[in-house]
Amino acid sequence: MPQYAVRATLLSVLCLNNRGLHGEAAKQLIRMTSEDCDLRSAVLLEQAALCFLAGPARKTLPRKYAFHMVLAGHRYSKAGQRKHSLRCYKQAYQVNIYYFYRFNLQLSLCIFLLLYRCIKVADGD
């Protein structure tokens with residue numbers, strides 16, 4: 001049954017994004033994440049993060065984007081997808097650098113996780 005709910009949510013998200021309701025689309029995607037399947041949850045969190053950057057420039061939410069990309073990276077890591085995890089952390093880091101000039105806790109967490117994952121991927125773990 002969860003597959004039908006995910007399908008309905010994805011269709012709803014497409015409709016909401018076409019109407020410019022990116023925040024509502026992100027909320028629906030976040031609501032569908034669960035503890036059952038880490039890979040599915042990671043993909044849904046990543047899509048929710050992309051919704052936070054969509055739309056007009058004055059309505060983008062880069063901090064929420066970065067936060068949800070870090071969450072997606074963590075979920076990818078739990079699912080054993082190290083390269084996807086690294087990509088999510090890297091994108092969150094790039095958004096933090098582009099939008100925020102001061103060094104904050106979120107940025108330091110992204111740097112730590114990015115370096116940690118780079119070392120793990122390079123070692124072949």
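Buried means under 20% relative accessible area, exposed means over 50%, and partly exposed lies in between (1.4 Å probe, protein chains only). With that in hand, let us look at the charged pairs here.

This is a predicted model, where local features need pLDDT of at least 70, side-chain atom pairs count only at pLDDT 80 or more, and totals for chains, interfaces and linings use all residues. Residues are numbered from 1 along each chain as its sequence is written, and side-chain values use heavy atoms, leaving out hydrogens and water.

A salt bridge is a side-chain nitrogen of Lys or Arg within 4 Å of a carboxyl oxygen of Asp or Glu. Searching the whole structure gives five of them, including these:

| Pair | Closest N to O |
|---|---|
| D38 and R75 | 3.7 Å |
| K78 and D38 | 3.8 Å |
| E46 and R87 | 2.5 Å |

Helices are DSSP runs (H or I, at least four residues), numbered from the N terminus. D38 sits in helix α3 (residues 38-53) and R75 in helix α4 (residues 62-78), so their salt bridge ties together parts 37 residues apart in sequence. D38 is buried at 17% relative accessible area, and R75 is buried at 11%. D38 also pairs with K78 of helix α4, 40 residues away; K78 is partly exposed, at 42%.

E46 belongs to helix α3 and R87 to helix α5 (residues 82-99), so this pair joins parts 41 residues apart in sequence. E46 counts as buried at 10% relative accessibility, whereas R87 counts as partly exposed at 28%. Elsewhere, E24, K27 and R31 form one network through salt bridges that share partners.

How values were computed: Helix = DSSP H or I, 4+ residues; strand = E, 2+ residues; numbered from the N terminus.
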